[in-house]
Amino acid sequence: MSTSTIDIAFIGGGNMATAIIGGLLRQGRDAQRILVIDPVAEQRQRLQDALGVQTAATADITLSQATTVVWAVKPQQFKDAASVYAALTHGALHYSVMAGLRTDDMARLLGTPRIVRAMPNTPALVGQGMTGLFARPEVSAEERAAVQAMVEPTGQHLWVDREADLDAVTALSGSGPAYVFYFIEAMMQAAQDMGLTAEQGRLLAQATFAGATALASQSPDSPAVLRERVTSKGGTTYAALTHLETAGVKAAFVAAMRAAQHRAGELGDEFGR
């Protein structure tokens with residue numbers, strides 16, 4: 001590991017860590033003051049080549065310089081990682097992007113309650129993400145502001161007052177990109193069934209989602225009003241939406257998100273046992 005002074009350390013160097021680091025660099029942060037600890041040599045090399053950050057397979061005393069530690073490992077890997085790194089990070093603010101892992105369990109294993117838990121999503125990779133944030137009471141206003149500044153280059157953010165609300169955030173925006181991709185897949189299949197190519201269907205579906213989302217974001221009207229404006233009684237859109245309602249698609253979609261919320265809670269329970 002380099003002996004250069006570091007400000008922020010990442011435990012785990014996967015996609016979400018990469019997205020956050022990319023945002024930090026766009027803010028003008030010095031890449032050499034960012035450390036990523038990851039046991040996979042190929043991952044470390046990719047980060048060095050693409051972002052110019054410091055990397056290491058494991059930590060030494062250099063880690064204790066970090067004022068912020070970002071936990072970006074799989075939840076099931078946290079207990080072992082915390083046992084190795086807790087003694088070197090007790091003075092840092094801890095920022096977790098680990099799904100389902102509650103801050104009470106993190107605080108117990110890290111020996112500090114100064115923790116912000118986040119639920120980001122994959123569009124953060126292109127600066128269009130949505131991140132839900134929860135800060136424990138021990139996190140200062142200045143530290144909350146620093147976290148917010150770190151997240152802003154990756155997209156939008158939403159603070160919640162109750163940690164349990166992150167399960168709902170997980171169900172809506174954390175898992176949400178998969179729902180969009182699922183509908184794009186369905187539209188591509190329908191395009192082919194109707195004689196278009198898969199690529200034509202993909203272009204039509206992606207442009208429609210992007211345009212409708214932009215309109216919903218910029219319009220003062222509710223999604224329901226916007227929907228009604230393109231749904232003439234007896235027309236093509238009416239025929240499609242009537243079929244979706246008859247098939248119970250909206251109810252099934254809401255139930256699917258409740259299932260995701262329930263599973264998010266279960267993951268936290270499983271870790272705490």
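**Group meeting talk: a helix residue, a strand pair and a pocket**

Thr89 lies in helix α3. Let's start there. Keep in mind that this is a predicted model.

Is Thr89 buried or exposed? Buried means under 20% relative accessible area. Thr89 has 1% relative accessibility, so it counts as buried. What is Thr89 in contact with, leaving aside its neighbours within four places in sequence? The list is Leu63, Val69, His94 and Leu110.

Now, the strands. Find β7, residues 129-135, and β8, residues 155-159. They pair in the parallel sense, over 5 bridges. Want a spot to look at? Take Gly132, which stands opposite Leu158 in β8. Next, add helix α5, residues 141-151. Together, β7, α5 and β8 make a β-α-β unit, and this unit is right-handed. One general point about strands. In a regular strand, side chains alternate between the two faces of the sheet.

Last topic: a pocket. I mean the second largest one, with a volume of about 730 Å³. It is lined by 32 residues. Which of them are closest to its centre? Those are Gly14, Ala72, Val73, Lys74 and Gln77. Three elements give two or more residues each to the lining: α1 (15-26), α3 (75-89) and α6 (165-174). Helix α3 should sound familiar, as Thr89 lies in it. The largest share of this lining comes from α3, with 6 residues.

And what classes of residue line this pocket? The count is 19 nonpolar, 11 polar and 2 charged.

That's the tour. Back to the structure for your questions.

Notes. Residues are numbered from 1 along each chain as its sequence is written. This is a predicted model: local features need pLDDT of at least 70, side-chain atom pairs count only at pLDDT 80 or more; totals for chains, interfaces and linings use all residues. Side-chain values use heavy atoms; hydrogens and water are left out. On a 1 Å grid over the protein atoms alone, a cavity is a set of points where a 1.4 Å probe fits but cannot get out, and a pocket is an open set with protein on both sides within 12 Å along at least five of seven lines; lining residues have an atom within 4 Å of a point. Grid points are joined across faces, edges and corners, and a volume is the space filled by probe spheres set on the points. Helices (H or I, at least four residues) and strands (E, at least two) are DSSP runs, numbered from the N terminus. Ala, Val, Leu, Ile, Met, Phe, Trp, Tyr, Cys and Pro count as nonpolar, Asp, Glu, Lys and Arg as charged, and the others, Gly among them, as polar. Two strands pair if DSSP finds at least two bridges between them. A crossover is right-handed if, with the strands pointing away from the viewer, the path from the first strand over the helix to the second runs clockwise. Buried means under 20% relative accessible area, exposed over 50%, partly exposed in between (1.4 Å probe, protein chains only). Contact means heavy atoms within 4.5 Å.
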